[in-house]
Every structure is written in C-alpha cells, then in structure tokens.
Amino acid sequence: MQRQFERVRQQLFRQLLWVVAPAILAALGLAVTAVSCTTVTRALVVPPTIPGATFIGSAACADCHEEIVRDFHTAVHANLQARGVNALEVGCESCHGPGSLHSESGGEPGTILNPKQDPLTCYQCHLTTRAAFNLPYHHPVPEGRLTCGDCHDPHRGPAVKGAGTSLLSGSEGCYECHTAQRGPYVFEHEAMREGCTVCHVPHGSVNAKLLTQRNASLCLKCHLVERQPGGRVLIGGFDHSLLLAQGACWSAGCHEAVHGSQVNSSLRY
Ligand code: HEC
Ligand code: HEC
Ligand code: HEC
Ligand code: HEC
Ligand code: HEC
Ligand code: HEC
Ligand code: HEC
C-alpha cells in the first residue's frame, strides 16, 4: 500500500514536472542555456512519462528488439546512457518513456511512446529545434507531414541521415525527397558541392524557401565583389551596378537556375 502510494506520488510529481518544467525554465531564462543539449544536465531534463509504467533500462529491450539494442552504441544518443541503478531512464527510455507496461504486455500497442507520432519527446532536450519549427517557413513537421526520423536516425550511426556517406555528406538525405535538385546539370553550380546547408537551414527560417539569407549576401559570401572607381560593382568580372538594385540574384530574372542549369553557364533557365 505504502509502496503503491509512493509510486503514484512519484508519478504525479513527474507528470507535474513535465508540465511545469518548460514554464519554469522559460521563466528563469534557462531555456537559453539548456538548448545546447551538451549543456543540459539530467536534473533539468524530465524524462517522458507513461501512466502506471516504470523504467526498466535499455538492456530489457534487447529481449525483443535485439538488433536496435545491438547497434545502439554507434548512435550519437548512446552518449545519453549512463551506468548505475539510478540511471535506468537514460537510454532507450529517454525517448520512448518508461517500458515496464510495454514489456510485461509483450509489446501491446499504446504501451510505449513513439516519436514518429509526436516529436515532443525530442523537444524536451532540443528546445531550440522546437523554436526553429515555429518559424514562419519550416519543414512541415508540426503539420505531421514529416517526422524527425525522416532526416535523423535515432538508433545507429550519424544522427543526420546520409551524413558521412559521401563528399556531399548532408545533402544525400535531402535528395531522398528533393530529387529535382540532384541534377545532373549541364552547368553545375559548384556551390552545391558544399552541401545544401550553405544556403538552406534544415528546420525552419524567417526567410522563404528556408534560405539562410534573403538577399544578395547569400551569394556574396562566396562570390567576390570588386568595387571600382566611378561606382562600378563587378561580380565575376561582370558589371552588376544596375542589376543588384533589381532584386535578389535569383529572383531578379537573372540566376533563377541557382541549383544548376541545363542551358546557360550563368545559371539561367
Ligand atoms: C517482451 C517483448 C518486448 C520487450 C521487452 C520490449 N518490446 Fe517494444 N515491442 C514489442 C512488440 C511485439 C512490438 C510491436 C511490433 C514491433 O514493432 O516490433 C513492440 C513495439 C515497440 C515500439 C513501437 C511502438 C509503436 O507504437 O510504434 C517501440 C517504440 C518499442 N517497442 C520500444 C521498446 C523499448 C524502448 C523497450 C525497452 C524499454 C521495449 N520496446 C521492450 C515487444 C517488446
Ligand atoms: C533519440 C531518441 C531515441 C532513442 C534514444 C531511441 N529511440 Fe527508438 N525510436 C525513435 C524514433 C524517432 C523512432 C521512429 C523512427 C521513425 O520515424 O521511423 C523510434 C522507433 C523505435 C521502434 C519502432 C520500430 C522502428 O524501428 O521504427 C522501436 C522498436 C524502438 N524505437 C526501440 C528503441 C530501443 C530498443 C532503443 C534503445 C536501444 C531506442 N529505441 C532508443 C527515437 C529513439
Ligand atoms: C534525453 C535528452 C535527449 C532526447 C530525448 C533527445 N536528444 Fe538528441 N541529443 C541529446 C544530446 C545530449 C546530444 C549530444 C550528444 C553528443 O554529442 O554527445 C544529442 C544530439 C542530437 C543530434 C546530433 C547533433 C549533432 O550535432 O550531431 C540530433 C540530430 C538529435 N540529437 C536529434 C534528436 C531527435 C530527432 C530526438 C527525438 C527522436 C532526440 N534528439 C531526442 C539529447 C537528447
Ligand atoms: C528535413 C530534414 C530534417 C528534419 C525533418 C529534422 N531535421 Fe534536425 N537536422 C537536419 C540537418 C540536415 C541537420 C544538420 C544541420 C547542419 O549540419 O548544419 C540537423 C540538425 C539537428 C540537430 C543538431 C543541432 C542543430 O540544430 O543543428 C538537432 C538537435 C536536430 N536536428 C533535431 C531535430 C528534431 C528534434 C527534429 C524533429 C522535431 C528534426 N531535427 C527534424 C535535418 C532535419
Ligand atoms: C522526407 C522528405 C524530405 C527530406 C529528407 C527533406 N525535405 Fe525539404 N521538404 C519536404 C517537404 C514535404 C516540404 C514541403 C513542401 C511543400 O510544402 O509543398 C519541403 C520543403 C523544402 C523547402 C522549401 C520549398 C518551398 O517551395 O518553399 C526547401 C528549401 C527544402 N525542403 C530543402 C531541404 C533540404 C536542404 C533538405 C536536407 C537538409 C531537405 N529539404 C530534406 C520534404 C523533405
Ligand atoms: C547556392 C545556394 C543554394 C544551394 C547550395 C542550394 N540551394 Fe536550394 N535554393 C536556393 C535559392 C536561392 C532558392 C530560391 C529559388 C527561388 O525562389 O526561385 C532555392 C530553392 C530551393 C527549393 C524550392 C524549389 C525551387 O527550386 O525553388 C528546394 C526544394 C531547394 N532549394 C532544395 C535544395 C537542396 C535539396 C539543396 C542541396 C542539394 C539545395 N537546395 C542547395 C539556393 C540554394
Ligand atoms: C558555397 C559557395 C557559393 C555560394 C554560396 C554561391 N556560389 Fe555561385 N559559384 C560558386 C563557385 C565555386 C562557382 C564556380 C567558380 C566561379 O565561377 O566562380 C560558382 C559559379 C556561379 C555562377 C557561374 C559563373 C559563370 O558564369 O561561370 C553563377 C552565375 C553563380 N555562381 C551564381 C550564384 C548565385 C546567384 C548565388 C546565390 C544564390 C551563388 N552563386 C552562391 C560558389 C558559390
């Protein structure tokens, strides 16, 4: 009786913390320091809860999910694992919630959290990511059309899918869905070799098309501007003095084929 009461009390306390912790963090201005998860201390992060369930530790998951547990040490999030009896909830259950009911029931549906359905468990540690998806232009994760798991592998290897597989590294993952940008192009834009994130932010942006910058400075970080006497502005050796006032490099009817062109070496359609 006493133990059961204690368990319910802890449960309620956890649930309460889960609800109020973000508010408290925000109020204390701690959100800013907690965002880089490497600086998140366990004391600040409240693991997800499932009513009536307790933490059983990652080893217990191996009975039925052998492969995931076997490869998990290669995952970025394996660093979350700690040793000792008081550290059971770090590991699989830091994302999936306490697994006792799930395990006892042999994996009944509805007994465990799956971030595929709701990224809330990711946001508990990655506060800035949540903020990014609230920006006016974002990949439609909040709308449920994409999940974190479409771009990130939580269970093995590099956290960003496609990273480290080729020179293009990060871009491989983007090509999975944006096949048009892969080309091949007759006139390739060499900027693409640096990866999509030179120009796009992956989560969300204040700029349309998820651009890192909304104007010519997006392009001028690589293309040298030469200012000549008399006010002439050269880019790529070509006089741009009048052109720059007409809009962004890609929207002023000039370099619309910014990813690459089939017809024009100056990246025009
Ligand atoms: C006694 C066997 C058993 C144990 C132990 C077990 N699971 Fe499962 N689990 C299953 C079965 C069966 C399914 C449903 C089929 C599938 O997806 O493999 C499942 C499904 C899942 C799912 C997907 C659920 C969904 O709704 O999409 C997750 C997540 C999961 N398990 C995580 C865990 C974690 C974390 C642990 C350890 C804390 C664990 N499991 C321990 C048997 C088990
Ligand atoms: C960083 C958070 C995180 C951690 C830690 C984590 N998972 Fe997952 N898990 C996910 C996400 C996200 C998905 C959904 C993947 C998707 O979108 O396809 C998932 C899905 C699953 C599923 C459903 C079947 C599948 O493969 O998609 C199982 C089973 C599972 N996880 C077990 C585990 C086990 C066992 C561990 C510990 C070794 C673990 N997870 C650790 C985030 C995590
Ligand atoms: C319990 C806290 C916690 C949860 C929950 C969590 N993460 Fe993390 N995550 C971390 C920490 C800590 C790191 C940094 C690990 C390291 O570098 O040692 C990290 C790293 C990452 C990285 C890699 C960052 C980099 O620079 O390589 C990605 C991507 C990521 N997490 C995505 C997710 C996703 C997606 C989910 C939900 C499915 C999730 N995380 C859930 C704590 C968490
Ligand atoms: C459209 C693909 C995509 C989706 C969807 C996505 N991410 Fe990312 N995420 C990336 C890429 C690419 C990077 C690497 C950025 C870089 O290297 O500059 C990244 C980086 C991260 C990082 C490292 C820190 C940072 O912000 O750079 C974290 C943490 C992270 N993502 C969490 C998440 C979470 C949580 C979700 C779901 C709510 C999510 N991501 C959804 C593509 C995505
Ligand atoms: C799993 C599929 C998927 C992956 C992977 C993916 N995206 Fe997307 N992307 C989408 C969807 C869906 C949209 C929304 C399209 C819409 O609203 O019609 C989108 C939208 C965009 C847009 C805005 C397009 C517009 O017309 O406003 C850009 C830019 C973009 N993605 C770049 C990237 C980059 C860069 C990566 C790699 C870091 C990436 N995407 C990875 C599915 C994906
Ligand atoms: C040199 C900068 C740059 C690089 C690198 C870049 N993009 Fe873009 N991207 C842009 C600009 C600028 C636009 C906006 C074009 C417009 O509004 O007409 C754009 C638009 C998009 C769109 C919206 C559809 C369209 O064509 O207008 C998608 C999707 C997209 N980019 C995906 C990607 C992917 C995937 C990669 C990596 C393989 C990538 N981009 C690399 C600059 C870049
Ligand atoms: C990551 C660096 C980088 C960024 C950012 C970048 N470029 Fe480039 N761009 C290059 C490189 C490298 C070349 C090939 C060498 C050259 O011609 O300067 C190139 C070539 C070009 C060319 C072809 C020049 C020719 O006639 O041969 C045009 C046009 C161009 N870029 C336009 C743009 C526009 C517009 C943007 C902004 C949307 C942009 N670039 C952003 C690196 C970049």
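What follows is a set of questions and answers about a predicted model.

Me: What makes Pro202 partly exposed?
Reply: Pro202 has 18 C-beta neighbours inside 10 Å, whereas a buried residue needs 20 or more and an exposed one has 12 or fewer, so with a count of 18 Pro202 is classed as partly exposed. Pro202 is found in the loop between strand 2 (187-188) and strand 3 (204-205).

Me: Why is Tyr137 called partly exposed?
Reply: Within 10 Å of Tyr137 there are 13 other C-beta atoms, and since the exposed class ends at 12 and the buried class begins at 20, a count of 13 makes Tyr137 partly exposed. Tyr137 itself belongs to strand 1 (residues 137-138).

Me: Which residues is Pro202 in contact with, leaving aside its neighbours within four places in sequence?
Reply: With those neighbours set aside, the contacts of Pro202 are Cys151 and Thr197, where contact requires C-beta atoms within 7 Å. A separate C-alpha distance links Pro202 to His139, 63 residues apart along the chain, with a separation of 7.4 Å.

Me: What does Tyr137 touch, not counting residues up to four places away in sequence?
Reply: Tyr137 touches Gly204, Ser205, Asn207, Ala208 and Leu210 under that exclusion. For one of these, Gly204, the C-alpha atom is separated from that of Tyr137 by 5.5 Å, although the two residues are 67 apart along the chain.

Me: How do you know that ligand 2 lies between domain 1 and domain 2?
Reply: Domain 1 (58-113) and domain 2 (115-212) both give residues to the shell around ligand 2, so the ligand lies between them. The shell has 20 residues, of which Cys92, Cys95, Lys116, Gly149 and Pro154 are the closest, and the elements giving two or more residues to it are helix 3 (66-71), helix 4 (92-96) and helix 8 (148-151). Helix 4 gives the most, with four residues, and by class the shell divides into nine nonpolar, ten polar and one charged.

Me: Which domains supply at least three residues each to the shell around ligand 7?
Reply: Domain 2 (115-212) and domain 3 (213-258) each supply at least three residues to the shell around ligand 7. Of the 19 residues that surround ligand 7, the closest are Glu190, Ala191, Cys219, Cys222 and Cys249, and the classes are ten nonpolar, six polar and three charged.

Me: What makes up the shell around ligand 5?
Reply: Around ligand 5 there are 16 residues, with Asp150, Cys174, Cys177, Cys196 and His200 coming nearest. Helix 8 and helix 9 (171-175) are the elements that give two or more residues to this shell, which divides into eight nonpolar, four polar and four charged.

Me: Why do strand 4 and strand 5 count as paired?
Reply: At least two bridges are needed for two strands to pair, and strand 4 and strand 5 (residues 233-235) share three bridges in the antiparallel sense, so the requirement is met. Within strand 5, Val233 is the bridge partner of Arg227.

Me: What makes strand 4 and strand 6 edge strands?
Reply: Strand 4 (225-227) and strand 6 (238-239) each pair on one side only, in an open sheet of three strands with the order 4-5-6 and antiparallel pairing.

Me: How many helices and strands does the chain contain, and what percentage of its residues count as buried?
Reply: The chain has ten helices and seven strands, and 16% of its 269 residues count as buried. Among contacts between residues at least 6 apart in sequence, 53% join residues at least 24 apart.

Technical notes:
Residues are numbered from 1 along each chain as its sequence is written. Chains are lettered from A and ligands numbered from 1 in the order in which they are written. This is a predicted model: local features need pLDDT of at least 70, side-chain atom pairs count only at pLDDT 80 or more; totals for chains, interfaces and linings use all residues. A residue is near a molecule or strand if its C-beta atom, placed from the backbone, lies within 6 Å of it. Ala, Val, Leu, Ile, Met, Phe, Trp, Tyr, Cys and Pro count as nonpolar, Asp, Glu, Lys and Arg as charged, and the others, Gly among them, as polar. Domain bounds come from an automatic or database domain assignment. Two residues are in contact if their C-beta atoms, placed from the backbone, lie within 7 Å.
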